[in-house]
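Biologist: Thanks for sitting down with me. Could you put the model on the screen, and then I will ask about it piece by piece?

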Amino acid sequence: MTDPNNLPRSLQERLDRHRRMAESYHQGYAKRSVQDGETYDEWVFAPEATYASPYFGSETIDLVTHPISVRESATMEAVAYSVRFDNWGPVDFQAWPSDRGFAMATRFEGARRTDGVVMGFHAYGFVDTDQDCRITHWETHVSRDYDDFLDIAIGVHGPFTGDAADYLAALGATLAEAGVKLPGLSA
């Protein structure tokens, strides 16, 4: 994790820090460290940090009190997607840092294990930060082809209504069916 005492002092430092934060998201998936239980090493969350995605309902998730951490949910997701897709991960990534956070676009793909057909989707992230470059809000949007991908990856797609619990349950069921146990996860 980034040292929270090493605070950016200028606009250029903020832009550089935000670029590193975005790139650490990409690198976490590209190097497969997320599948190994790591998280985005440059990300530091503010105490009031929230997450939202229209794909997972109208709920805004309080990341401090949510029963499953960002690290745990990202690992569950990456490993579950890899059950039915070889080499699942990012094939394209772009980021746009600003003084108040960053936006990023990622194309994720993998080859279906059953027949080698490549499937994927685009994920668009928007991250707001406070004056110390700690994340206060993170939002994700996905392309329509996410539905087809999820039907194969976890057997169900959204948009999920209410909250992300149904999605997390589908990830868990996919892992259980494959006999995959993720040590150190609370869910």
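Modeller: Happy to, and please keep in mind that this is a predicted model. Let us begin in the loop between H3 and H4, where Pro159 is found.

Biologist: Which residue does a cis peptide bond join to Pro159?

Modeller: Most peptide bonds are trans. Here omega is about 10 degrees, and the bond is cis. The partner that this bond joins to Pro159 is Gly158.

Biologist: Let us step back to H3 itself. Do its buried residues line one face or several faces of the helix, and within what arc do they fall?

Modeller: The buried residues of H3 are Tyr146, Asp147, Phe149, Leu150 and Ala153. Because an α-helix has 3.6 residues a turn, residues three or four places apart point the same way. Seen down the axis of H3, the buried residues line one face, since they fall within an arc of 165 degrees.

Biologist: Which elements does that buried set pack against?

Modeller: Just after H3 comes Gly155, with a positive phi of about 80 degrees, but the packing belongs to the buried residues of the helix. Their partners include both helices and strands: H2, S3, S5, S6 and H4.

Biologist: Now the interior. Which element gives the largest share of the largest nonpolar core?

Modeller: This core has 45 residues, and Trp43, Tyr81 and Trp138 touch the most other members. Elements giving two or more residues to the core include helix H1 (11-30), helix H2 (70-84) and strand S3 (85-98). Strand S6 (135-142) and helix H4 (165-177) are also among them. The largest share, 7 residues, comes from H2.

Biologist: Is there empty space inside, and how much lies in the largest cavity?

Modeller: Rolling a probe the size of a water molecule over the atoms shows where empty space is left. The structure holds 2 cavities of 30 Å³ or more. The second largest has a volume of about 40 Å³, while the space in the largest is about 530 Å³.

Biologist: What is the lining of that largest cavity like, and how many charged residues does it have?

Modeller: There are 33 lining residues, and the closest to the centre are Tyr51, Phe56, Ser73, Glu77 and Trp138. H2 gives the most to the lining, with 5 residues. By class, the lining has 25 nonpolar residues and 7 polar ones, and the number of charged residues is 1.

Biologist: Which residues line the second largest cavity?

Modeller: By class, this lining has 5 nonpolar, 1 polar and 1 charged residues. Tyr51, named above for the largest cavity, appears here too. The full lining is Tyr51, Ala52, Ser53, Phe56, Glu59, Ile61 and Ala164.

Biologist: Leu63 caught my eye. Beyond its neighbours within four places in sequence, what is Leu63 in contact with?

Modeller: Leu63 is found in the loop between strand S2 (61-62) and H2. The C-alpha atoms of Leu63 and Ala30 are separated by 24 Å. With those sequence neighbours left aside, the contacts of Leu63 are Phe45, Ala49, Thr50, Tyr51 and Val70.

Biologist: Last one: is Asn87 buried or exposed, and what is its relative accessible area?

Modeller: Most residues other than glycine have a negative phi. Asn87, in strand S3, has a positive phi of about 55 degrees. Exposed means over 50% relative accessible area, so Asn87 is exposed, at 64%.

Key
Residues are numbered from 1 along each chain as its sequence is written. This is a predicted model: local features need pLDDT of at least 70, side-chain atom pairs count only at pLDDT 80 or more; totals for chains, interfaces and linings use all residues. Side-chain values use heavy atoms; hydrogens and water are left out. A nonpolar core is a set of buried Ala, Val, Leu, Ile, Met, Phe, Trp, Tyr and Cys residues joined through side-chain atoms within 4.5 Å. Buried means under 20% relative accessible area, exposed over 50%, partly exposed in between (1.4 Å probe, protein chains only). Helices (H or I, at least four residues) and strands (E, at least two) are DSSP runs, numbered from the N terminus. On a 1 Å grid over the protein atoms alone, a cavity is a set of points where a 1.4 Å probe fits but cannot get out, and a pocket is an open set with protein on both sides within 12 Å along at least five of seven lines; lining residues have an atom within 4 Å of a point. Grid points are joined across faces, edges and corners, and a volume is the space filled by probe spheres set on the points. Ala, Val, Leu, Ile, Met, Phe, Trp, Tyr, Cys and Pro count as nonpolar, Asp, Glu, Lys and Arg as charged, and the others, Gly among them, as polar. The arc is that of the directions from the helix axis to the C-beta atoms. Contact means heavy atoms within 4.5 Å.
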